[in-house]
Every structure is written in structure tokens, then in C-alpha cells.
Amino acid sequence: MDPAVLRDDMVDSLQHESKGVVRSAWLSTAMRAVPREAFVGEQQAYSDRPFERLGTRVLSPSTAGRVLETLSPEEDDNVLVVGAGVGYTAAVLAEHVGAANVHAIDITRRLVIEARQNLAEAGYDAVLVDRRDGAAGLPEYAPYDRILLEAAAIDPPRALLQQLTDDGRLVMPLGTGEQSLAVVEADGSVKRHGTVAFQPMLVEGEQADTVERNRTHREDRERARQAAQSRAGWEQEWIDWDG
């Protein structure tokens, strides 16, 4: 079947669900224009489910639509996507605000390469994709009118808030256990928009393509806790030292 027909069917279904995931004219137009098969392959392009790719979770079309509706960019906004993944959400944003106004970063080198290739194939090669630690953002091109963080964190990363314009907004999954889709203003005020389930933000050493994986601070704390609770051999009552 013609991919354009499948895209129209996908967006129609997202518009006519009980809650209407896609409500804005700009998002409907953009999602109908972006060839999703260039990012996820023809077999999985128009099924509404997430899946794993190179150690990251590719958002389902309904989740992508939901976060983009919440982001609500204006034409010509300067936008940063933290967690480029395969590049699909960056492409939808590029269709609306212009490819040169969209910047995307990812901590996983293989995903950066893949996102660049996918965006070029789909006609959005003007989107800048770079390998960076997401919590640090991309200060060289700041300030941003909108920042989309596609990974969960307990608190909004301070560097990302500092890279917003005065009236900018950060949209992110807030929390690591029970998460909510949050809109965070530049002043730090937060509005929550229902529950979501995203993977946690990675730090250096945790990404899937690390050649030599370094222990993180979290692992170091856990190892220290386990060591403190463990018992050395000389403390075990069952050892018969004289026997």
C-alpha cells in the first residue's frame, strides 16, 4: 500500500481516538508529510506501538503525537531535541519550524549516526544532530524556544532550563518510577499532563554502544552499600578454624 495512504490512516486514527492525541493542524500536517518508514522501516512504520532500536525505545506514533502536542512549537521556533533516537520527532518538528531551526543530541554515537542518515534520507538533512550528554544540552545554539527531553529524570536538568528563552518551555517525562509528562517553564514552574513511561536519561558509561563500560556513581553507591552489608569469611560462625 502507498505509504502516504498509510500515513493519512495513522493520523486519522490519532485524531479520532477518544481523547484525540493529535489535535493541532500543524501536527496533523507535519505527521502526514514525514515519511515514517525512512526512520523505522516499512514493517513497523505505521503500527502504533513502541519498539527497541540500538538500545533505545522508539516512541509509538501516539506517544510521539502526545509529546509534540504538549511541546506546541510555533513556526520558526528554535528547538532542541534531547534524545535524538532514530530522528523521527526531530523530522516532524523540522516540517513545522524549519529543518535549520531543529537541533538534536544523543549520548549514543550509533544513534547519532543513524539519526543523521534517516533525516537525510527523509529530506531533513539540515537538522543538526550531535553526540552530547543530554543533561548538558547544546549551549552553542541556545537559547531555545522549545526543548523536548525524550528520557525520564527526577528533576529538570538545570542546564536545559538555562538554555531556554524567557518564555520558553521544556517538555519531559518527570520522575523515574511513576512518571508524568511535564511542561517546565524557564522559571522552573511545572505543569503535569498525565502519566507516561519513558526510559531513564543515560549518563556517560551507560549507553549501549560504550566500548568499555565505566561504572556510574549509582553503581558505586550500590557496590558500597553491598560491601557494607556483606560479611567477611572470618565473621562467619559456621567456619571451624580449628578443624
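Let me start with a pair of helices: helix 2, which covers residues 25-33, and helix 5, which covers residues 88-97, pack with their axes 9 Å apart and at an angle of about 120 degrees. I should say at once that what we have on the screen is a predicted model. In general, two packed helices are described by the angle between their axes and the distance between the axes, and for this pair the angle falls outside the range of 65 to 115 degrees that counts as roughly perpendicular and is not over 145, so helix 2 and helix 5 are described as oblique to each other. The crossing of these two helices is right-handed.

Which residues of helix 2 and helix 5 meet? From helix 2 there are Trp-26, Leu-27, Ala-30, Met-31 and Ala-33, and from helix 5 there are Tyr-88, Val-92, Leu-93, Glu-95 and His-96. If we sort the residues of this contact by class, eight are nonpolar, one is polar and one is charged. Staying with helix 2 for a moment, its buried residues are Trp-26, Leu-27, Ser-28, Ala-30 and Met-31, and the buried residues of helix 2 pack against helix 1, helix 4 and helix 5.

Now let us follow helix 5 to another partner. Helix 4, residues 61-71, packs with helix 5 at an angle of about 45 degrees, and the two axes are 11 Å apart. That angle makes helix 4 oblique to helix 5, and the crossing is once more described as right-handed. On the helix 4 side we find Ala-64, Leu-68 and Leu-71, which meet Tyr-88, Thr-89, Val-92 and Leu-93 of helix 5. The contact of helix 4 with helix 5 has six nonpolar residues and one polar residue, with no charged residues.

How much of helix 5 is buried? Nine of its 10 residues are, and the helix is therefore mostly covered, with buried meaning under 20% relative accessible area. Those buried residues are Tyr-88, Thr-89, Ala-90, Ala-91, Val-92, Leu-93, Ala-94, His-96 and Val-97. Just after helix 5 comes Gly-98, whose phi is positive, near 100 degrees.

This brings us to the interior. In soluble globular proteins, nonpolar side chains tend to be buried together. Here the largest nonpolar core has 50 residues, and the members that touch the most others are Met-31, Phe-39, Leu-68, Tyr-88, Val-92 and Val-127. Helix 5 gives the largest share of this core, namely seven residues. There is also a second, separate core of 18 residues, and among its members are Ala-151, Ala-153, Leu-160 and Met-172.

Let me pick out two single residues. Ala-104 sits in strand 4, residues 102-106, and it counts as buried because its relative accessibility is 1%. Apart from neighbours within four places in sequence, Ala-104 is in contact with Leu-80, Val-81, Ala-84, Ala-90, Leu-128, Val-129 and Asp-130. Ser-62, in turn, has its place in helix 4 and is buried, with a relative accessible area of 15%. Leaving out neighbours within four places in sequence, Ser-62 is in contact with Leu-14, Val-21 and Asp-48.

Next, a few words on the backbone. Most residues other than glycine have a negative phi, and most peptide bonds are trans. Against that background, Ser-72 has a positive phi of about 50 degrees although it is not a glycine, and Asp-76, also not a glycine, has a positive phi of about 70 degrees. Ser-72 lies in the loop between helix 4 and strand 3, and the place of Asp-76 is in the loop between helix 4 and strand 3 as well. Are these residues buried or exposed? Ser-72 is partly exposed, at 28% relative accessible area, whereas Asp-76 is exposed, at 60%. The peptide bond from Ala-142 to Pro-143 is cis, with omega near 5 degrees, and Pro-143 is found in the loop between strand 5 and strand 6.

Finally, the whole chain. It has eight helices and nine strands, and of its 243 residues 46% count as buried. Among the contacts with a separation of 6 or more, 53% are between residues 24 or more positions apart.

Methods
Residues numbered from 1 in each chain as written. Predicted model: local features only at pLDDT ≥ 70, side-chain atom pairs only at ≥ 80, totals over all residues. Heavy atoms only, no water. Helix = DSSP H or I, 4+ residues; strand = E, 2+ residues; numbered from the N terminus. Buried < 20%, exposed > 50% of the residue type's maximum accessible area, 1.4 Å probe, protein only. Contact = heavy atoms within 4.5 Å. Axes fitted to C-alpha atoms, helices over the stretch in contact; angles between N-to-C directions. Parallel < 35°, antiparallel > 145°, perpendicular 65-115°, else oblique. Left-handed = near helix turned anticlockwise from the far one by under 90°. Nonpolar A, V, L, I, M, F, W, Y, C, P; charged D, E, K, R; others polar. Core = buried A, V, L, I, M, F, W, Y, C linked by side-chain atoms within 4.5 Å.
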